[in-house]
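Ready for a few hands-on exercises with a protein model? Keep a viewer open, try each task yourself, and then compare your steps with the worked solution.

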Amino acid sequence: GYVMDKFCIDRGALLDPNGLPPLSNADVHTVHCLIDVDSCRASGYEILTPPADEFGNLTRHVELDEAGNDLLIAYGKDVGDCNLCTGVGSQAAGLRVTVKGAIDQSH
């Protein structure tokens with residue numbers, strides 16, 4: 001699914017590109033926003049998946065824990081094009097991942 005930081009989700013608008021609704025614009029959400037912006041990186045991440053609702057909003061499928069967030073940041077830095085990225089990757093927006101793990105139902 002698509003990676004989205006909780007800061008952008010909670011504010012109801014992407015920081016980059018600015019002002020777009022996050023749940024329907026995950027494909028244009030930049031790696032710069034996910035990795036470089038302190039408030040976005042510190043907020044943690046969720047994975048958004050189809051099906052979209054009648055408004056094009058993807059489903060908030062899973063919230064990553066601290067270990068998952070750390071893995072995602074490392075992955076984003078490797079494949080992304082951003083200030084904190086390693087310089088190897090070229091993906092500018094629409095970061096997608098496949099996540100494997102256990103879902104904690106207590107939250």
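The exercises below deal with a predicted model, and each task is followed by its solution.

**Exercise 1. Salt bridges**

Task: Find how many salt bridges the model has, and work out for each pair where the two residues lie and whether they are buried or exposed.

Solution:

Step 1. Apply the cut-off: a side-chain nitrogen of Lys or Arg must be within 4 Å of a carboxyl oxygen of Asp or Glu. By this rule the count comes to three salt bridges.

Step 2. Begin with Lys6 and Glu63, whose closest N and O atoms are 2.6 Å apart. Lys6 belongs to helix H1 (residues 6-11) and Glu63 to strand E3 (residues 59-63), so this pair ties together parts that are 57 residues apart in sequence. To sort the two by accessibility, recall that buried means under 20% relative accessible area and exposed means over 50%, with partly exposed in between. Lys6 has a relative accessible area of 18%, so Lys6 is buried. Glu63 has 49%, so Glu63 is partly exposed.

Step 3. Move on to Arg41 and Asp38, whose side chains meet in a salt bridge at 2.6 Å, N to O. Both residues lie in helix H3 (residues 38-43), three residues apart, which is about one turn of the helix. Arg41 is partly exposed at 22% relative accessible area, and Asp38 is exposed at 53%.

Step 4. Finish with Arg60 and Glu46, where the closest N and O atoms are 2.7 Å apart. Since Arg60 lies in strand E3 and Glu46 in strand E2 (residues 45-49), the pair ties together parts that are 14 residues apart in sequence. Arg60 is partly exposed, with a relative accessible area of 42%, whereas Glu46 is buried at 6%.

**Exercise 2. Strand E1 and its partner**

Task: Decide whether the residues on the two faces of strand E1 are buried or exposed, and find which residue in E2 is the bridge partner of Met4.

Solution:

Step 1. Start from the general pattern: in a regular strand, side chains alternate between the two faces of the sheet.

Step 2. Now sort the residues of E1 (residues 2-5): Tyr2 and Met4 are on one side, and Val3 and Asp5 are on the other.

Step 3. Check the accessibility of these four residues. They are all buried, so both faces of the strand are covered.

Step 4. Look at the pairing. E1 and E2 run antiparallel and are joined by four bridges. The partner of Met4 in E2 is Glu46, the residue that also forms a salt bridge with Arg60.

**Exercise 3. A negative patch**

Task: Find which residues form the negative surface patch, then place Glu66 in the fold.

Solution:

Step 1. The patch is formed by Asp65, Glu66, Asp70 and Asp104.

Step 2. Glu66 sits in helix H4 (residues 66-79). The relative accessibility of Glu66 is 63%, and therefore Glu66 counts as exposed.

Step 3. Relate Glu66 to a residue from Exercise 1. Arg41 and Glu66 are 25 residues apart along the chain, and their C-alpha atoms are separated by 11 Å.

**Exercise 4. Cis peptide bonds**

Task: For the cis peptide bonds that join Asp16 to Pro17 and Pro50 to Pro51, find the omega angle and the place of the second residue.

Solution:

Step 1. For Asp16 and Pro17, omega is about 0 degrees. Pro17 is in the loop between H1 and helix H2 (31-36).

Step 2. For Pro50 and Pro51, omega is about 10 degrees. Pro51 is in the loop between E2 and E3.

**Exercise 5. Sequence and space**

Task: Set separation in sequence beside C-alpha separation in space for Thr98 and Gly1, and for Gly44 and Ser24.

Solution:

Step 1. Thr98 and Gly1 are 97 residues apart in sequence and 6.4 Å apart in space. Thr98 lies in the segment after H4, and Thr98 is exposed, with a relative accessible area of 74%.

Step 2. Gly44 and Ser24 are 20 residues apart in sequence and 19 Å apart in space. Gly44 lies in the loop between H3 and E2, and with 2% relative accessibility Gly44 counts as buried.

Terms used:
Residues are numbered from 1 along each chain as its sequence is written. This is a predicted model: local features need pLDDT of at least 70, side-chain atom pairs count only at pLDDT 80 or more; totals for chains, interfaces and linings use all residues. Side-chain values use heavy atoms; hydrogens and water are left out. Patches are made of residues with over 30% relative accessible area and no salt bridge: like charges are joined within 9 Å, nonpolar side chains (Val, Leu, Ile, Met, Phe, Trp, Tyr) within 5 Å. Accessible areas come from the Shrake-Rupley method with a 1.4 Å probe; for residues, only the protein chains shown count as cover. Lys and Arg count as positive and Asp and Glu as negative; His and the chain ends are not counted. The place of a charge is taken as NZ of Lys, CZ of Arg, CG of Asp or CD of Glu. Buried means under 20% relative accessible area, exposed over 50%, partly exposed in between (1.4 Å probe, protein chains only). Two strands pair if DSSP finds at least two bridges between them.
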